[in-house]
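Let's take a walk through this protein together, starting with one residue and working outward. Keep the picture in view as you read.

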Amino acid sequence: FERIDSGRLALVMAPFSMAKLLADARAALGTLATAKSVQLSFDELPPALEDAYFIGDARRLLQCLNNGISNAVKFTEPGTGRVRVSCSEGPLHEHADGSWAWVYVAVTDNGGGLSEAE
């Protein structure tokens with residue numbers, strides 16, 4: 001966040017596919033999960049998101065998603081652990097210059113998590 005706040009990070013806003021972003025994350029981290037014997041699953045996209053394009057910095061979004069998945073795999077017990085990636089759509093907002101909607105991406109796992117003190 002420091003680079004964003006200082007203006008040293010330039011976001012590249014361009015159309016991207018959520019389906020491709022999730023496929024890229026799966027391709028990047030599937031081997032890591034398999035090597036640790038952790039089940040990595042991706043829920044199917046809601047139909048409204050399958051073919052939709054969004055405007056944002058796909059590279060930075062993929063970096064955030066990969067960090068979340070990587071941490072979940074890292075802190076999940078081998079053999080019995082599961083990491084799940086899901087995506088859901090938020091409310092659609094209509095504007096004169098087009099519509100937009102929130103998209104929620106969640107990475108969940110059955111790892112130990114942080115203690116209350118952490």
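Leaving aside its neighbours within four places in sequence, which residues is asparagine 66 in contact with? Bear in mind as you look that this is a predicted model. The residues to find are Ala25, Ala28 and Leu29, which asparagine 66 touches once those sequence neighbours are set aside. Asparagine 66 itself sits in helix H4. Is this residue buried or exposed? With a relative accessibility of 17%, asparagine 66 counts as buried, because the cut-off for that word is under 20%.

Asparagine 66 has company in that respect. The buried residues of H4 are Arg60, Leu62, Leu65, Asn66, Ile69, Ala72 and Val73. As for the helix as a whole, H4 is 17 residues long, and from its first C-alpha to its last it reaches 24 Å, close to the 24 Å expected at 1.5 Å a residue.

Now step back and look at the whole chain. You should be able to pick out four helices and five strands. Read from the N terminus on, the elements go α-β-α-β-α-β-α-β-β. The protein has 118 residues, and 26% of them are buried. If you take the contacts with a separation of 6 or more, 72% of them are between residues 24 or more positions apart.

What about the inside? As a rule, nonpolar side chains tend to be buried together in soluble globular proteins. Here, the largest nonpolar core has 21 residues, and the ones that touch the most other members are Met18, Leu22, Leu40, Phe42, Ile69 and Val85. Helix H2 (18-35), strand E2 (39-42), helix H4 (58-74) and strand E4 (82-95) each put at least two residues into this core. Which of the elements gives the most to it? That's H2, with six residues. For a closer look, try leucine 22: not counting residues up to four places away in sequence, this leucine touches Phe42, Leu45, Leu65, Val85 and Cys87.

Charged side chains are next. In general, side chains of opposite charge can pair when their charged atoms come close. How many salt bridges does a search of the whole structure find? It turns up two. One joins the side chains of aspartate 24 and lysine 20, at 2.9 Å from N to O. Both of these residues belong to helix H2, where they are four residues apart, about one turn of the helix. Aspartate 24 is partly exposed, at a relative accessible area of 29%.

In the other pair, the side chains of aspartate 43 and arginine 84 meet at 2.6 Å, N to O. Aspartate 43 lies in the loop between E2 and helix H3 (47-50) while arginine 84 is in strand E4, so this salt bridge ties together parts that are 41 residues apart in sequence. Aspartate 43 counts as partly exposed at 29% relative accessibility, and arginine 84 does too, at 42%.

Last stop: the outside. The protein exposes about 8,300 Å², with carbon and sulfur atoms supplying 55% of that. Look for a nonpolar surface patch of about 330 Å², made by Leu11, Met13 and Ile55. Leucine 11 is found in the loop between helix H1 (2-6) and strand E1 (14-17), and its relative accessible area of 48% makes it partly exposed.

Key. Residues are numbered from 1 along each chain as its sequence is written. This is a predicted model: local features need pLDDT of at least 70, side-chain atom pairs count only at pLDDT 80 or more; totals for chains, interfaces and linings use all residues. Side-chain values use heavy atoms; hydrogens and water are left out. Patches are made of residues with over 30% relative accessible area and no salt bridge: like charges are joined within 9 Å, nonpolar side chains (Val, Leu, Ile, Met, Phe, Trp, Tyr) within 5 Å. Accessible areas come from the Shrake-Rupley method with a 1.4 Å probe; for residues, only the protein chains shown count as cover. A salt bridge is a side-chain nitrogen of Lys or Arg within 4 Å of a carboxyl oxygen of Asp or Glu. Buried means under 20% relative accessible area, exposed over 50%, partly exposed in between (1.4 Å probe, protein chains only). A nonpolar core is a set of buried Ala, Val, Leu, Ile, Met, Phe, Trp, Tyr and Cys residues joined through side-chain atoms within 4.5 Å. Contact means heavy atoms within 4.5 Å. The expected span of a helix is 1.5 Å times one less than its number of residues.
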